Amino acid sequence: MLAYGFAQRALIGGVIVALACSLISFFVVVRRLAFVGMGISHAAFGGVAIGLVAGIDPVLSAGGFCAAVALGIGWFSRKGRIHEDTVIGILFATAMALGVLLVRLAGAYNLDLMSYLFGSILALSWTDVVIIAVLSVLAAAFIVLFFKELLFISFDEETATASGLPVRFAYYGLLVTMALTIVVSIKLVGIILVSALLVIPGAAGAQISRNYRGVLVAAVVIGVTSVVLGLYLSFWYDVASGATIVLVLFTLFMLSMAVSSRRGYMRKLRQREG
Amino acid sequence: MRECRVSEFFGASTDGPRQVIVLEDMWASLDGHTVLEGITFSLDEGTFLGVIGPNGAGKTTLIKVILGLVKPDRGAVRVMGMSPGELKHELHHIGYMPQQVLFDPLFPVSVYDVVMMGRTCCIGTLRFPRRNDREAVMQSMAAVGLDGLEKRPIGELSGGQQKRAFLARALCLETRILLLDEPTSGLDYEAQEKFMDLLARLKLEQGLSVIFVSHDVNVLARIADEIVCINRTMHLHGKPMEVLGSERLKEAYRCEFDFLAGVGSHESTEV
């Protein structure tokens, strides 16, 4: 499979995206940002449409647009005294409606648009790989460099604020990082399926370990394995790569539930033996 | 980069006890409503001050004003000789324990990790914990009697142990001032007593200045050096027995205390 250039690009791009998504999925799970992720990813449809209409790279236009929506979600829910999930419900539908309208006006209902909805990793160009790498490195750098601050704020925001930590910077930074990660994942699995990459690695990791170090390692292993295995399976069985990756992720999640020390079959088995 | 150096305030020699916190005619509001009016008191170094008052009296706001999280509308607030806004580089001398840490019991951190969070501002941005950070964490875990539980997930601890973990987190800096907002809420009587004994011991051992906020007068009566009673304004300030014996306490709480029966009715310092 690796003899083909498109397969090489898919694998390299996919692994980079998986690394960034797995890191951020830890915070998506512990801060319960799964719905925020859904909101931002669906809003990306509006961003992609702007790119298609204006003739700029849809990944870049979606990046800017999603970052703005992410900041909007943060700002409205912090300042506007509206619950985060309400703001997301409002913003993501509005952004998608904008997308539908723009696409219609530009007459751009075509295959290209479908590839953004469901992913088209096998169509990556080297330029796409470079854009994905740069944005992923930015996202991963934010998580790694501010990890201890993000962990403290996620665990106990009030005390973190009292300790003089930059709580607002970290919150908005996390949202923008999520937006960037979502945008680079769109090429891989598409707008509709991107939340799987943002949620499942962290959720599965949390089943396997009860400490964040173990959760992070497990999340990265599960994320990267799913992408590599998913691509391989989709290549050999000639099925949609995005959907295959998500189904592999789900399978690994079920496996992690089974081996979980919290509730899994392994524990019951051990108890029975004991 | 921030280092946890001893602030000039504590470094300089003085004749008498230092006034670590001073409030003069402090007014504060939340969402446009005045919640504190004309609060005046000071905290001497090494003193345990209990702040009592009914629910909604403005006790938590008072703590937040001292921490610089709420700006007072008027009056003066000095913490370690500075206004709370200037405290940014001295926050490692202040340990804070909020009313209730509403954390997810499944949050994947160990007790050690939680206590280490307290050292975040000492470690500094873009840096990892060093040996002195790890030692400080182990010391404060030992001080609250949680040694041996380092690796346990925080969610698996009992309520009393969790409170002690949060106390250890507040103590693992160069803590000189402890601000405790109803730290014993949710604990049963025995755990509450244990926590208060621990606090009294740590205060003596480490020479801490403590502000302990509680709606429960009984909790504080035994170990506080001084008690302030607030309910929007200041009603009383004095030694525990003076305050608890005062008629004005009932006025502040707008109810009778069973506890007060039997306590001497000394004259209190009316403010």
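Helix α10(A) is a good place to start in this predicted model. All 15 of the 15 residues of α10(A) are buried, so the helix is largely enclosed by the rest of the structure. Its length works out nicely too: at 1.5 Å a residue, the 15 residues of this helix (residues 194-208) should span 21 Å, and the end C-alpha atoms sit 22 Å apart, which agrees. The helix isn't straight, though. At Ile200(A) α10(A) bends by about 30°, and a proline, Pro201(A), follows within four residues.

Next comes the nonpolar core. The largest one holds 172 residues, and the members touching the most others are Ala44(A), Cys66(A), Ala179(A) and Val183(A). Helix α1 of chain A (residues 5-30) gives the most to this core, chipping in 14 residues. Take Ala179(A) as an example: leaving aside residues up to four places away in sequence, Ala179(A) touches Ile40(A), Cys66(A), Ala67(A) and Ala70(A). As a general point, nonpolar side chains tend to be buried together in soluble globular proteins.

Then there is the contact between the two chains. Chain A puts in 20 residues and chain B puts in 19 residues. On the chain A side, the elements giving two or more residues are α7 (147-155), α8 (157-162) and α11 (212-237). Sorted by class, that side of chain A has nine nonpolar, six polar and five charged residues.

Over in chain B, one glycine makes a handy case. Gly207(B) sits in the loop between α7 (189-206) and β7 (209-214) of chain B. Buried or exposed: which is Gly207(B)? A residue counts as exposed if 12 or fewer other C-beta atoms lie within 10 Å of its own. Gly207(B) has 10 other C-beta atoms within 10 Å, so Gly207(B) is exposed. Gly207(B) also pairs up in space with a residue from another part of the chain: the C-alpha atoms of Gly207(B) and Gly46(B) are separated by 5.2 Å, although the two are 161 residues apart along the chain.

Finally, a word on confidence. The model as a whole scores ipTM 0.86 and pTM 0.88. Chain B averages a pLDDT of 85, and 92% of the residues score at least 70. Among the elements of chain B, helix α3 (residues 111-117) has the highest mean pLDDT, 96, while helix α10 of chain B (residues 247-253) has the lowest, 73. Over residues 257-271 of chain B, the pLDDT is below 50, yet this stretch still has 29 contacts in the model beyond near neighbours in sequence.

Conventions
Residues numbered from 1 in each chain as written. Chains lettered and ligands numbered in written order. Predicted model: local features only at pLDDT ≥ 70, side-chain atom pairs only at ≥ 80, totals over all residues. Core = buried A, V, L, I, M, F, W, Y, C linked by C-beta atoms within 7 Å. Buried ≥ 20, exposed ≤ 12 C-beta atoms within 10 Å, placed from the backbone. Contact = placed C-beta atoms within 7 Å. Nonpolar A, V, L, I, M, F, W, Y, C, P; charged D, E, K, R; others polar. Expected span 1.5 Å × (residues − 1). Bend = angle between axes of the 7 residues up to and from the residue. pLDDT = per-residue confidence, 0-100.
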